[in-house]
Protein chains: 2
Amino acid sequence: MSKGTVLPMTQERRILVSTLKYSRQRESIKQYLAMTKEHPTADCVYLHMKEEFPNISLGTVYRNLKLLTDIGEAVKLTPPDSADRFDGNTRPHDHFYCTRCKRILDLELDMTATMPLHQAASASFDGIIESSNTFFFGLCGKCVKEAPEKL
Amino acid sequence: MSKGTVLPMTQERRILVSTLKYSRQRESIKQYLAMTKEHPTADCVYLHMKEEFPNISLGTVYRNLKLLTDIGEAVKLTPPDSADRFDGNTRPHDHFYCTRCKRILDLELDMTATMPLHQAASASFDGIIESSNTFFFGLCGKCVKEAPEKL
DNA sequence: AATAATAATGATAATTATTATTGTTTTGAA
DNA sequence: TTCAAAACAATAATAATTATCATTATTATT
């Protein structure tokens with residue numbers, strides 16, 4: 001099965017999806033997520049949206065981020081020690097979380113490396129594994145360069 | 001390098017560790033984490049501790065969970081859609097999060113399966129990867145049995 | 001095009017998880 | 001036994017997120 005962070009759609013949400021109405025705000029959020037590689041928090045998305053929609057409400061941002069996540073047009077990431085982040089790249093991929101600068105970076109891993117993990121997990125488990133997300137921790141290249149002595 | 005969820009100890013915390021004083025509350029929390037397989041939340045730990053220490057404060061539980069995590073005697077897990085969980089099993093292992101019942105289960109994976117992942121991640125990355133944690137999502141065996149029709 | 005139905009919005013209140021503060025008690029070394 | 005440091009309980013404060021509600025925007029229907 002596919003590897004990734006997309007959670008299964010619920011029955012309730014399926015109904016909601018069928019009656020989805022267009023909104024300029026949601027469209028703009030989707031577009032922003034699609035182009036950025038920053039993995040922004042809800043608040044960060046909010047600040048960006050304010051440039052286009054000065055009156056946009058933070059609740060609207062949260063509502064749409066959840067909606068986009070539920071219908072599989074965005075992915076929610078939950079790092080330790082900070083707020084949730086959102087990623088418009090919905091292809092299965094993993095992430096690196098820099099413990100110094102708190103940035104999240106995409107990691108497109110080799111399929112031959114990820115398959116055995118999924119296989120091993122399924123083999124040693126009696127339930128059904130639908131997806132997975134691996135968070136790698138350490139120091140990003142930028143942080144290593146900036147202060148290599150602090151390793 | 002080792003695989004797991006233990007974040008690197010900070011300088012500040014290292015000092016704290018060197019002057020650590022005994023406390024019955026912390027000892028009990030540690031013992032509870034060591035024996036349970038439930039991956040309890042801070043609040044859940046708090047309720048258990050109340051049986052032994054009726055006056056224990058939730059703040060004390062949080063403080064000690066963070067301390068135990070920092071000195072590597074516990075591991076903090078950050079699932080999506082719910083509060084942080086704590087695991088007294090500090091050996092590197094991954095987790096399964098049931099999207100239906102929200103339980104977290106331990107997954108001891110085959111090393112030959114996890115190594116290529118770590119290697120692939122390191123190879124395609126210019127920083128330093130110190131550890132990782134994979135969250136698998138799906139339905140646990142119990143949920144599949146209880147309602148197989150709802151797959 | 002006017003109208004009706006309803007989904008989405010902005011404003012804001014409420015909730016949840018977590019951290020910080022403060023005064024008191026416990027611990028362990030001198 | 002004394003004393004400073006650490007841990008405590010109680011509680012206030014903060015941050016992130018969700019819920020409520022009256023108004024506005026979107027879509028389907030006449």
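How many nonpolar, polar and charged residues does the surface near DNA strand C have? In this predicted model, that surface has nine nonpolar, 11 polar and seven charged residues.

## Around DNA strand C

DNA strand C is surrounded by 27 residues, and the closest of them are S23(A), Q25(A) and T60(A) from one chain, together with Y22(B) and G59(B) from the other. The elements that give two or more residues to this surface are α2 (24-35) and α4 (58-70) of chain A, along with α4 (58-70) of chain B. The largest share, five residues, comes from α4(A).

## Around DNA strand D

DNA strand D also has 27 residues around it, of which Y22(A), G59(A), T19(B), S23(B) and T60(B) come nearest. Here the elements that supply two or more residues are α4 of chain A and, from chain B, α2 (24-35) and α4. It is α4(B) that gives the most to the surface near DNA strand D, with five residues. Divided by class, this surface has nine nonpolar, 11 polar and seven charged residues.

## How the two chains are related

A turn of 180°, with a shift of 0.0 Å along the axis, lays chain A on chain B with an RMSD of 0.1 Å. That is the relation of a two-fold axis. Among the residues of chain A, the one that comes closest to this rotation axis is T134(A), whose C-alpha atom is at 2.0 Å.

## Where the chains meet

The contact between the chains involves 39 residues of chain A and 40 residues of chain B. On the side of chain A that touches chain B, the elements giving two or more residues are β3, α5, β5 and α6 (141-146) of chain A, and the largest share, 12 residues, comes from β5(A). By class, the residues on this side of chain A divide into 22 nonpolar, 13 polar and four charged. Of the interface residues of chain A, 97% are also interface residues in chain B, so the copies meet through the same surface.

Strand pairing also links the two chains, since β5(A) and β5(B) pair in the antiparallel sense over 11 bridges. Within this part of the structure, I129(A) stands opposite G138(B), a residue of β5(B).

## The largest nonpolar core

The largest nonpolar core has 27 residues, and those with the most contacts inside it are F96(A), Y97(A), A121(A) and F136(A), together with F96(B), Y97(B) and F136(B). At least two residues of this core are supplied by each of β3 (94-98), α5 (111-123) and β5 (128-139) of chain A, and by each of β3 (94-98), α5 (111-123) and β5 (128-139) of chain B. The element that gives the most to the core is β5(A), with five residues.

Y97(A) can be followed further: leaving aside residues up to four places away in sequence, Y97(A) touches P79(A), I104(A), F135(A), F136(A) and F137(A).

## A loop residue in chain B

Another place to look is the loop between β2 (85-87) and β3 of chain B, where T90(B) lies. T90(B) counts as partly exposed, because 17 C-beta neighbours are inside 10 Å. From C-alpha to C-alpha, T90(B) and K21(B) are 22 Å apart in space, while in sequence these two residues are 69 residues apart.

Terms used. Residues are numbered from 1 along each chain as its sequence is written. Chains are lettered from A and ligands numbered from 1 in the order in which they are written. This is a predicted model: local features need pLDDT of at least 70, side-chain atom pairs count only at pLDDT 80 or more; totals for chains, interfaces and linings use all residues. A residue is near a molecule or strand if its C-beta atom, placed from the backbone, lies within 6 Å of it. Helices (H or I, at least four residues) and strands (E, at least two) are DSSP runs, numbered from the N terminus. Ala, Val, Leu, Ile, Met, Phe, Trp, Tyr, Cys and Pro count as nonpolar, Asp, Glu, Lys and Arg as charged, and the others, Gly among them, as polar. Copies are superposed by least squares on the C-alpha atoms of residues with pLDDT of at least 70 in both. Two residues are in contact if their C-beta atoms, placed from the backbone, lie within 7 Å. A nonpolar core is a set of buried Ala, Val, Leu, Ile, Met, Phe, Trp, Tyr and Cys residues joined through C-beta atoms within 7 Å. A residue is buried if 20 or more other C-beta atoms lie within 10 Å of its own, exposed if 12 or fewer, and partly exposed in between; C-beta atoms are placed from the backbone. Two strands pair if DSSP finds at least two bridges between them.
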